[in-house]
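Morning, everyone. Please have a look at the screen, and I'll walk you through what is there.

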Amino acid sequence: MLKQISLNENRIPEGVRISEIDFDNPFFDGLHYNAPARGVWNIVHTGMLIPEAHQIYVCAQGCLRGVILTAAEMNRMENMSWVALREQDMWNGEMESRVIEGCSHIVDEMKEHPKCILVYLSCMHLFEGCDFKVIAKELETRYPEIDWVDCYMTPTMRKTFEPMVMMKKSLYSPIKKLDVDKKMIGLIGCDRATDKSCEIYSLLEKANTKMWDITECKTYEDYLALGAASFLISYLPVVGYAAKDLTNKLGVKHLAIDLSYDSNEIEENLKSLADALNVDGEFFDALIDTNKKKAKEALIKTKELLKDTPIAIDATATPRPVGLALLLKKYGFNVRRIYTDAFSPKERIAFDELCKLDGSIEIFPLMDPTMLYASNEEDISSSEYLSIGQNCAYFCQTKHFVNIVEGGGMYGFDGIVNLCKLIEDAYNNPKDLKLTISHKGIACESCL
Amino acid sequence: MNQTARIISIYAADTSGVCSALYEYGGMTVIHDASGCNSTYTTHDEPRWYDKKSMMFISGLTEKDAVMGNDDRFMEDLIVAANELKPAFIALCASPLPAMIGTDLEAIAYAVETETGIPSFAVKTNGMQSYITGAGNAFLELAKKFANSDENELCQPTSNPYVFNAQALKLMFGTKLPTAVSANTDNDFPKPQEDTFKKIKVNLLGVAPLDYPTKESMDSLLKFIKESGFELNACVGVDTNLYEFKNIKKGEVNLLLSSCGKPLADYLFSEYKIPFVKGVPYGLGFSDKIKEALIKACESKENIDATEGFREAGNVAILGESIMSASLASALLLDKGIKANVLETVGDGDFEILKPFDISCDDEKILENELKKYDVVIGDPLFKPICADKKFIELPHEAFSGRCFTKNAPNLIYTSIDKFI
């Protein structure tokens, strides 16, 4: 049943017990609130991962404002240009030529042409039936030395293709098939570097295989080298569409080894990677035994430090907030809250198990209008919560929080060890909440 | 005009202007939008978002609703939220797609008001105009809805505009009030001193954080009003509340501080015969001129452009919003003998204040060529890349560069500008 969050007498939203919430449709989807936590990456941050590339946004002023200032705060305005759509563009039938002439004007103004240009079209183009192929063909004809990439800032379409899903597909569009390097695989879908200490890298080292990771590409040629990957792996969820496109183009397999906090699932995923890399079973078993033991020890040690400290987790911190809550709960942590607007179907088993383990855990939405008042509850000087994620840190008004988004680059049993270290650090060392979460795009350069 | 920019930023849009203007009045402002407008506004265009609560939301428009024209869902969501949050009013505005598909926000506002009994109105936006149009229209619609309120609804303004009255605080924070201000929320408002009744009552118009983001600038404006012997009647936009706004027609003269306040200034002049003075009290010499103009306007009941007579063409270019830039040009002339031209870069706002030697230009390439004529450029740091090797004096403007340089923004209001240039 859909739950409409309501305010109590002190105008504080009241959470819903996990045992009473509908997994498929947890909350009423009405007006949307936006909490002042800015760590999650947007399409500008992701597009900037392509070295030596330039971005051009073609949209209305209101839409341009957010993306242009994202680039400004990153100190990357030299990589950003725009074409503004005006009211007459909606009616004069020249939408295609506005994009073509606008982009051409920008390129002609550049002293050196970039190797790749990402052109972002908007909802207005989509709803007007703009011919994207005509645009691409004309720009490629005019500037054949540039790789033109069609990208989409179409939030109206988020119920079918979220902008970030489309962005992840566009991110790899210029990749062309190269001679296969059997000793190289490609990690796709990650905006941030993955910890080198994790089991993925241990298996790669054993297999004498290197990893292509976009976060390590310094030149456009480094980036294009993905075309030689012998197979692709990913562990974050929004990459499915991109993976399908890439595997078709490169003719290689894609192995989804989802980020998880379940011991069996972690082991299964790593086993499939080990098999694909032809790593011998003896090495694999030893690696898993060792790291599993380390993870267990880390969890016990961290629990001893935190004692009964209430813990909150939000869905921007990890794609598996329920799975993480279940893991922590199994080790005795006092998990009290999860903040999410929806549950991933992949969390169904963890959800059912968590309901049985502690049905009193409260679920809060992130975007419900009443969440405007969520931070009323806590005084930042006395909040007892330790939060995993920026949004719940804000809602709980705590200085003790793990500052990560999308899993924070931590994976496997090693990821659990590293997450425990971050939890301990958050417990011991308070952060400046406002300053930290105001920074747009976690780990990106900022002029603030 | 190519409507393109290779490297410079873009001004905040009309939707942000609406939200910014209505922020402190206890209403619920909703942008009919899929996603992004709220984040853009609350990240880059609203410095109050973290510390001061306001009911600013988006509708979460989906492709299905856009294609099928499902306005019922939007109305239902508005009613659900309004019944829970109990705003003082509901304001609606549109992002590009609802504007494109012709969503009738006025009709939706009417239907929602009928259903909830909460005053509701639409502000015309399409996400393709500047913040000046959005904020200007929002202030105007607010005035049409509330400035003519019954006398019994009016209340005395607080002597300290940083202190809200209890009812306004309840609207904004609920019953649990922030400790920092809860000590000042007695229903007994401070009694005005006797001599305040002899002072000219001034309304400050066009004050939104997109133009005036810092506390220092607001403090200086209030200091100017106080030390000039005026009484602040209403500060429209910042450090205010709906009760103060309802009192606006008791003002005797309006000080128009940016183009965002122009439609409201015109409305108050036509409806209540309250004259306005155009100008920002930058520096000391020009502050004196504004003081004189306020007194004169109050007596003559005529509108006055305070920069008139204090502008001369020169080799310094000031980039930005027209009223603020023209005022700075006058201040430079009066305090430093520096002659400056205004290059109005928003492409929107009050153009009447511009002189024949000023220009309005929102095209990057044309602006870049125009700037070659000048020796010194004063403007937002994000204009710097098109200023070649000119001497560039940074004057951050929140409406252009967001929060990027707010911490470096100098306060030039009612103070010496010797260190600025």
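Let's start with the domains. Chain A is divided into three of them: domain 1 (16–33 + 294–438), domain 2 (51–171) and domain 3 (184–281). Notice that domain 1 is written as two stretches of sequence, 16–33 and 294–438. How far apart do the C-alpha centres of domain 1 and domain 2 of chain A lie? The answer is 36 Å.

One caution before we go on. This is a predicted model.

Now the chain as a whole. Chain A has 16 helices and 14 strands. Its C-alpha atoms fill a box of roughly 65 × 60 × 40 Å, taken along the principal axes. Is that what a compact globule would give? Take the radius of gyration. For 448 residues, a compact globule would be near 22 Å. Chain A has 23 Å, so the two agree.

What about the inside? Of the 448 residues of chain A, 52% count as buried. And look at the contacts in chain A with a separation of 6 or more. Residues 24 or more positions apart account for 76% of them.

Next, the partner chain. How many residues does each chain bring to the contact? Chain A gives 59 residues, and chain B gives 55 residues. On the chain A side, four elements each supply at least two residues: helix 2 (61–73), strand 3 (80–85), helix 3 (95–109) and helix 4 (123–128). Helix 2 of chain A has the largest share, with 10 residues. What kinds of residue make up that side of chain A? There are 28 nonpolar, 16 polar and 15 charged.

Stay with strand 3 of chain A for a moment. Strand 3 pairs with strand 1 of chain B, residues 4–5. The pairing is antiparallel, over two bridges. Find Val83(A) on your screen. Val83(A) stands opposite Thr4(B), in strand 1 of chain B.

Last stop, one residue: Glu221(A). Glu221(A) is found in helix 8 of chain A, residues 220–224. Buried or exposed? Count the other C-beta atoms within 10 Å of Glu221(A): there are 11. A residue is exposed if the count is 12 or fewer. So Glu221(A) is exposed.

Now compare sequence and space. Glu221(A) and Glu205(A) are 16 residues apart in sequence. In space, C-alpha to C-alpha, Glu221(A) and Glu205(A) are 24 Å apart.

That's my tour. Over to you for questions.

How values were computed: Residues numbered from 1 in each chain as written. Chains lettered and ligands numbered in written order. Predicted model: local features only at pLDDT ≥ 70, side-chain atom pairs only at ≥ 80, totals over all residues. Rg over C-alpha atoms; globule rule 2.2 N^0.38 Å. Buried ≥ 20, exposed ≤ 12 C-beta atoms within 10 Å, placed from the backbone. Contact = placed C-beta atoms within 7 Å. Nonpolar A, V, L, I, M, F, W, Y, C, P; charged D, E, K, R; others polar. Pairing = 2+ DSSP bridges. Domains from an automatic or database assignment.
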